[in-house]
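Here is a short report on one protein chain. Take a look at the sequence and the model before reading on.

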Amino acid sequence: LRCEIAPLTPEQTCDYIRTRLRVAGARDLGIFTGGAVARIAAHARGVPRLISILCDHCLVFGYALASQIR
């Protein structure tokens, strides 16, 4: 079985990120700014797997930076 998903638009990318955050139990669905979402969408070229990987890396780096500040 083979399935192809068309690349997501920037608007769909925003919805995708917010949905993934909601399903994961995030309290703040706006944790990624509009500018961050636009850059993620551009870099991932609408590929959901790449969007997820980029978001994960951003969250890990953000956590690490916040931990160093404390």
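Is Thr 13 buried or exposed? Thr 13 counts as buried, because its relative accessibility is 0%, and the cut-off for buried is under 20%. The model is a predicted one.

## Overall layout

The protein has three helices and zero strands. Along the sequence the pattern reads α-α-α. Measuring along the principal axes is left to the box: the C-alpha atoms fill roughly 50 × 25 × 25 Å.

The chain counts 70 residues, and 17% of them are buried. Take the contacts between residues at least 6 apart in sequence: 46% of these join residues at least 24 apart.

## Around Thr 13

Thr 13 sits in helix α1, which spans residues 10-23. Residues up to four places away in sequence are set aside here; beyond them, Thr 13 touches Leu 8, Val 37, Ala 41 and Ile 51.

## Around Gly 46

Where is Gly 46 found? Gly 46 belongs to the loop between α2 (34-44) and α3 (48-69). This loop residue counts as buried, because its relative accessibility is 1%.

Neighbours within four places in sequence are again left aside. On that basis, Gly 46 is in contact with Pro 7, Leu 8, Ala 41 and Ile 51. Leu 8, Ala 41 and Ile 51 also appear among the contacts of Thr 13. Ile 31 lies 15 residues from Gly 46 along the chain, and their C-alpha atoms are separated by 19 Å.

## Surface and charge

The accessible surface of the protein comes to about 5,700 Å². Carbon and sulfur atoms account for 59% of that area.

Which residues form a nonpolar patch on the surface? Val 47, Leu 50 and Ile 53 do, with about 200 Å² of accessible area together. Ile 53 lies in helix α3. Ile 53 counts as partly exposed because its relative accessible area is 32%, and partly exposed runs between the 20% limit for buried and the 50% limit for exposed.

The protein carries 9 positive and 5 negative charges. How far apart are their mean positions? The separation is 6 Å.

Terms used
Residues are numbered from 1 along each chain as its sequence is written. This is a predicted model: local features need pLDDT of at least 70, side-chain atom pairs count only at pLDDT 80 or more; totals for chains, interfaces and linings use all residues. Side-chain values use heavy atoms; hydrogens and water are left out. Helices (H or I, at least four residues) and strands (E, at least two) are DSSP runs, numbered from the N terminus. Buried means under 20% relative accessible area, exposed over 50%, partly exposed in between (1.4 Å probe, protein chains only). Contact means heavy atoms within 4.5 Å. Accessible areas come from the Shrake-Rupley method with a 1.4 Å probe; for residues, only the protein chains shown count as cover. Lys and Arg count as positive and Asp and Glu as negative; His and the chain ends are not counted. The place of a charge is taken as NZ of Lys, CZ of Arg, CG of Asp or CD of Glu. Patches are made of residues with over 30% relative accessible area and no salt bridge: like charges are joined within 9 Å, nonpolar side chains (Val, Leu, Ile, Met, Phe, Trp, Tyr) within 5 Å. A salt bridge is a side-chain nitrogen of Lys or Arg within 4 Å of a carboxyl oxygen of Asp or Glu.
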